[in-house]
Amino acid sequence: MSLPTTVIEEAEDTEWAGGSDAAPTLKHWRTTLEQVEKFVSPLYHNCNLCGRLFGDSCPVATLSSFLTERLPYDAIRQDFRPAQVGDSFGPTWWICWFRVELTILEAWVGQEVHLRWENDGEGLMCDGEPVQCLTKEGEKISYVLIERLGEGDPWRLTLYEEVACNGLLGPGKGTMIAAPDPEKMFQVSQAELALFHWDIHKLLVDLELVLGMAKGLGKDNQRSFRLYTANQIVHVCDPAQPETFPMAQDLASRSFGQCGGKRQHTIHAMRHCHIDTAWLWPFKETLRKCAQNWVTAVQFMERNPEFIFACSQAKQIEWVKNHYPGLYARLQEFACHGQFVPLGGTWVEMDGNLPSGEALVRQFLQGQNFFLQEFGKICSEFCLPNTFGYSAQLPQIMRRCGIRHFLAQKLSWNLVNSFPHHTFFWEGLDGSRVLAHFPPYGMEGSVEEVLKTVAKNRDKGWTNHSTFLFGFGDGGSGPPQIMVDHLKRLYNTDVPRVQLSSLGQLFSALESNSKQLCTSVGELFLELHNGTYTTHPAQIKNGNRECKRILYDMELFSSLALVCSVQFLYLAAQLQDLWRLLLLNKFHDVVTGSCIQLVAEEAMCHYKDIHSHGNTLLSASAAALARETGAKGLLIVNTLPWKPTEVLALPRPGGTHSLALVTVPSMGYTPAPAPTSLQPLQPVFVVQETDGSVTLDNGRLDPTGCLTSLVQSPSPSREAVAKGTVGNQFVLFDDVPLWDAWDIMDYHLGHDGAQHLPRIFPRKPVLSQAGTLAVGAEGGVGGSTWLLLQISPHSQLSQEVVLHVGCPYVPFHTEVHWHEAHTFLKVEFPACMQNPQATYEVQFGHLQRPTHYTTSWDWAQFEVWAHSWMYLLEHSFGRLLNDCKYRASVRGSILSLSLLQAPKAPDATADMGCHEFTYALRPPKGSFQDAGVIQAAYSLNFLLLTLPSKPGGVPTAAWSAFTVSSQVVLETIQKAEVSPQGRTLVLRLYEARGSHVDCLQMSLSVQEGPLCDLLAGHLPLRDTGLKLTLSPFQVQSLWLKLQPPLN
């Protein structure tokens, strides 16, 4: 029988080493490696070095507990009941407080004493104030009671531990992302005192690093010689005889004292404890996680002066400030020393796709103002490690909010293509650039990770610095001490140099040699998690869009009331609170819907509060505005910066309503017209034919409700629906994702999109029965038709298709009762044209994406995110608008809007129930610049408002506060936050078409009007004539100091 080749090769490599004064040592790679591995392995703890890390032990004296549902509070006065190791407690989301009474043995004088505590919940040790996290999943299972027990130290101690009944990543039933198990119970498996041996800890650090170097570098690398040093350490070190440890430590020190060269790659290691503000646990649990994580960070900063802890969410810091003031005071102290580093500059780590441009600005506005107020400076680095894509307008927003550097990680999750850079310049829609760095994901500080960080770095030929963020996130409380010690030991070795660092130090090093770095232009599209554009549409996404409208209207009405009345009190503090509540819901696992049911319910409570308090404030400001106008009857207010002509339902005596065609000045008001029975000059009509179909003024619906024709009236007209096809076609697809609530997979389209191959998950058009279509209103100022559709045995749809005089689009008001599982619903509109690019609205602008699958980069964008419109260009053609949807695609000439999903994890109830939404199709007319698609989408989302004015008032003239160019959007008018007592406004505008423009006119009396950044810091302006020029897709803020009103 012959030996395997590998064994022969290893045998040939066997050598003997030694000298006259030493026993010979076998230099056999596998044998040496295994011997060192087993010497530090926890599997052989009863006979190796690992097993001697803790010495003598004794159980705690007594253990008692009590259960509560409330947040942390003074536990000392509670009624504790006896408990013991092995007892179960719970269920999920409860809190179990333990009182731990300890008696330290007198024989342990002069040694370090730990409490060893192990449970499967999340523990927080308290001694009047929180002192340390204890969590098994974060490798924090011991608490230092006394570093060196003295004769005069207390022998008896009483501690309290709060244990949350959930795990590091929630209490999922069966799998991590499954819906929580409400009956899950938890258990304490260890509670004892033990001696801790630092000398053994140091040897374990060195031996584990040597093992990592040997495995990572391989036996043919010169630097792996340290394996044989480790072998010598194993031979001289007897775990049972501490007197052998100094010789072993001396061998290790000599080995690690061999320094690397000056050109060695440097890894900046940072402890950034990412905590999801809500995800598989509710918001209140995040407060607890923050305390658990950050009190442990304080311990590390006390013990390791070079240790730097970064935190990136202002809201979480505010939580700790309000609920743990002692801990917050310590964080501020370490911030003064440069060890605690607030970064990011945003209120929360928001989603990068779905929030509006203004919402992104407010994230920075609230975050940077908070950091400036609490820590004396704003952040210059933005950290967004875990969001599901990055908008092309983020570079501009960052730069205009004081941010020059950007760090993220999520693109490493791309499912199709590998992103080609780790360090690069990122250029946005307007040309703004930030220096970006993308470190690897989920580091724990091993040598293997250090080596891979350099080996896989795609820009190591252009820069000699990189980073990784190490530690256990969420409830893991960051890195354990051994992880920090690993990295400190690698500071100046001949593997990549590792230094504990900060983002500021990293980017300073990267900037010093950045001239040759590549530039990535446009959005950073994550090729995964595109299901998050749809999940939880009725509750979370609709609530997000609706509350944004409320806050927009509220700020505008309050600003106009401030302009018109010197007595009006602008409630800036209340507005800020509502904005912060909305920004909280824009966290990347909340607005996306990838959260448990409990979080969705909390988010809906936030929306309810915004709706309730927002409408109260809106009514007060509207009443103040109406009083100042002196109007009699109704006042019609337009909140948009252009002059619309729309059909509006006006109240009549007797509680009825009548439709009226009204024109309202931009960002102003006009008296409501008197009711009239006169028909418009060009009325619309809706007629049901004998075959059940419906003929519209500008199109036709077949008897099943599908759109067979749509043209722009009046002539010349062009057909919008491709010949032989139908629009408004509802289609079902099977949804078999990778991550349930997160993903929509490309294979739902079929085999690589090839038409001749069978589909695994077929496209299933929803077919209606003839006779379900009926006319609602026959025409005049407005007409409508109704459609009833049975989607499946469990789900139904009703829809009203509306025509209004002068309205450039046809809205489809839709209600769906949805009760499905792993199914998603789209609506399709085939167009009679082709274009390789489609245009989609994004924050403060738009961009093009492919309609074909020529390359893998094209294919990866089979479903994309968009805001309120998408557009297929051929001298302006299909324009599909919506009021609360975010997922769309154009494949060939078919425009589709994704409407509903039915995931079952992490929320088994997601998307179930009643949904109301509106989408609209605008027929072709002129070029993109002349088509008014942007204005039409805004008009669909921001309707004209009617206000009752004071009785007996006199008629008033129409009035407009601001007018802008047709290619500019005046996105925001608010009172300046930097001067809350003054009569100052901040206007935020953006250029929407991609060209230069002079843009603003106003009727206000202004004392001065300098430009400002997005944080409302003043910028110089050549004159006060307020002639404002914008470049393509530029976002600009203007600070206005108002003259007192005439009254």
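## Confidence of the model

Residues 1-24 of this predicted model have pLDDT under 50 throughout, and 22 contacts beyond four places in sequence are found for them. A second stretch with pLDDT under 50 covers residues 752-758, with 6 contacts beyond four places in sequence. The protein as a whole averages a pLDDT of 88, and 90% of the residues score at least 70.

## Surroundings of Phe300

Phe300 belongs to helix H6, which spans residues 283-303. Its relative accessible area is 7%, so Phe300 falls under the 20% limit and is buried. Beyond its neighbours within four places in sequence, Phe300 contacts Phe307, Pro479, Pro480, Gln481 and Val484. Gln481 is 181 residues from Phe300 in sequence, yet their C-alpha atoms are 7.7 Å apart.

## Salt bridges between helices

The salt bridges number 28. One of them joins the side chains of Glu37 and Lys215, with an N to O distance of 2.5 Å. Because Glu37 is in helix H2 (residues 29-40) and Lys215 in helix H3 (residues 198-217), this pair ties together parts 178 residues apart in sequence. Glu37 is partly exposed, at 23% relative accessible area.

Arg580 and Glu318 form another salt bridge, at 3.5 Å from N to O. The pair links helix H15 (residues 572-585), which holds Arg580, to helix H7 (residues 314-323), which holds Glu318, across 262 residues. Arg580 is buried at 15% relative accessibility, and Glu318 is buried at 16%.

## A network around helix H9

In the salt bridge between Glu358 and Arg362, the closest N and O atoms are 2.5 Å apart. Both residues lie in helix H9 (residues 357-375), 4 residues apart, and are therefore separated by about one helical turn. Glu358 and Arg362 are both buried. Through shared salt-bridge partners, Glu358, Arg362, Glu555 and Arg988 are joined into one network.

Notes:
Residues are numbered from 1 along each chain as its sequence is written. This is a predicted model: local features need pLDDT of at least 70, side-chain atom pairs count only at pLDDT 80 or more; totals for chains, interfaces and linings use all residues. Side-chain values use heavy atoms; hydrogens and water are left out. pLDDT is the predictor's confidence in each residue, from 0 to 100. Contact means heavy atoms within 4.5 Å. Helices (H or I, at least four residues) and strands (E, at least two) are DSSP runs, numbered from the N terminus. Buried means under 20% relative accessible area, exposed over 50%, partly exposed in between (1.4 Å probe, protein chains only). A salt bridge is a side-chain nitrogen of Lys or Arg within 4 Å of a carboxyl oxygen of Asp or Glu.
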